[in-house]
Amino acid sequence: MSEDISRPPLLKRLFSSRPQIKVNQPGSTGWRGSLARFVRFNYLRVIRLKTSAHSIALGAALGIFIGFMPIIPFQSITVLTLAVIFRGNKIAAFTFTFISNVANLIPFYTMLYIVGSWFLPFFEVHFDPHHLELMQMVEQGWRLVVVMTVGGVVLGIPSSIITYFFMRRLVLTYRKRKAIRMLQKRNHD
């Protein structure tokens, strides 16, 4: 009875319709289970979009490319703008920018720095993984931002090309299998 009084009716409806997770279900607890659910949810959300396979694949490729840029606070705005300009799917583009996130920021930016300094050896810059915010990197010197951006472009172009063809094939395969299942179900009935 006290549960009815403490929760407003709207919240009660929202939480009562939520699926319950069983404790003994494999992969359902801990950070691995949460990560697996997050990845599966976003995979299904992108793969089931009602738009062309080209649009979804282009959005994913744009998201991967911008995800490789050292502009984390501006990734969302940049990728959505590019998705509108190139007519890529905005949801896929936004989802795929999460290739670079807070959890992998230090190794990701270190990788961008190493690749960029390999392509620009004459830019002698110091990389400090304790100052990874964009403004702090700019304060360290514009050369660091340039080196990391070059590293992002060098890694982002092949990654986005691979992502485009992989996602296009994945979406087309999913739709083909779905059509076959629907025909089988229709013929069975």
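## Exercises on a predicted helical model

Not counting residues up to four places away in sequence, Thr97 touches Gly63, Gly67, Gln75 and Val79, where contact means heavy atoms within 4.5 Å. The model is predicted, so local features need pLDDT of at least 70 and side-chain atom pairs count only at pLDDT 80 or more, while totals for chains, interfaces and linings use all residues. Residues are numbered from 1 along each chain as its sequence is written, and side-chain values use heavy atoms, with hydrogens and water left out.

### Exercise 1: Place Thr97

Find where Thr97 lies in the chain and decide whether Thr97 is buried or exposed.

Solution. Start with the helices: the chain has 9 helices and 0 strands, taken as DSSP runs (helices H or I, at least four residues; strands E, at least two) numbered from the N terminus. Next, locate the residue: Thr97 sits in the loop between α6 and α7 (105–119). Finally, check accessibility: Thr97 counts as buried because its relative accessibility is 3%. The cut-offs are under 20% relative accessible area for buried, over 50% for exposed and partly exposed in between, with a 1.4 Å probe and protein chains only. Across the chain, buried residues make up 32% of the 189 residues.

### Exercise 2: Dissect the core

Work out which helix gives the most to the largest nonpolar core.

Solution. First, the term: a nonpolar core is a set of buried Ala, Val, Leu, Ile, Met, Phe, Trp, Tyr and Cys residues joined through side-chain atoms within 4.5 Å. The largest such core has 21 residues, and Ile56 and Met167 have the most contacts inside it. At least two residues of this core come from each of α3, α4 (53–67), α5 (75–86), α6 and α9. The top contributor is α4, with 8 residues. Now zoom in on Ile56: leaving aside neighbours within four places in sequence, its contacts include Val46, Leu49, Met167 and Arg175. A second, separate core has 16 residues, among them Tyr113 and Val147.

### Exercise 3: Describe the largest pocket

Determine which residues lie nearest the centre of the largest pocket and how its lining divides by residue type.

Solution. Begin with the volume, about 450 Å³ for the largest pocket. On a 1 Å grid over the protein atoms alone, a pocket is an open set of points where a 1.4 Å probe fits, with protein on both sides within 12 Å along at least five of seven lines; lining residues have an atom within 4 Å of a point. The lining holds 18 residues, with Phe38, Val39, Asn42, Thr95 and Phe98 nearest the centre. Helix α3 gives the most, 7 residues. By type, the lining has 14 nonpolar, 4 polar and no charged residues.

### Exercise 4: Classify two ring pairs

Classify the pairs Phe68 with Phe108 and Tyr164 with Phe165.

Solution. Rings of Phe, Tyr and Trp (its six-membered ring) pair if their centres lie within 6.5 Å; planes under 30 degrees apart are stacked, over 60 edge-to-face and the rest tilted. The structure holds 4 aromatic pairs. For Phe68 and Phe108, the centres are 5.2 Å apart and the planes at 40°, so the pair is tilted. This pair links distant parts of the chain, 40 residues apart, and both Phe68 and Phe108 are buried. Tyr164 and Phe165, at 5.2 Å centre to centre and 85° between the planes, form an edge-to-face pair. Here Tyr164 is buried, with a relative accessible area of 16%, whereas Phe165 is exposed at 56%.

Conventions: Grid points are joined across faces, edges and corners, and a volume is the space filled by probe spheres set on the points. Ala, Val, Leu, Ile, Met, Phe, Trp, Tyr, Cys and Pro count as nonpolar, Asp, Glu, Lys and Arg as charged, and the others, Gly among them, as polar.
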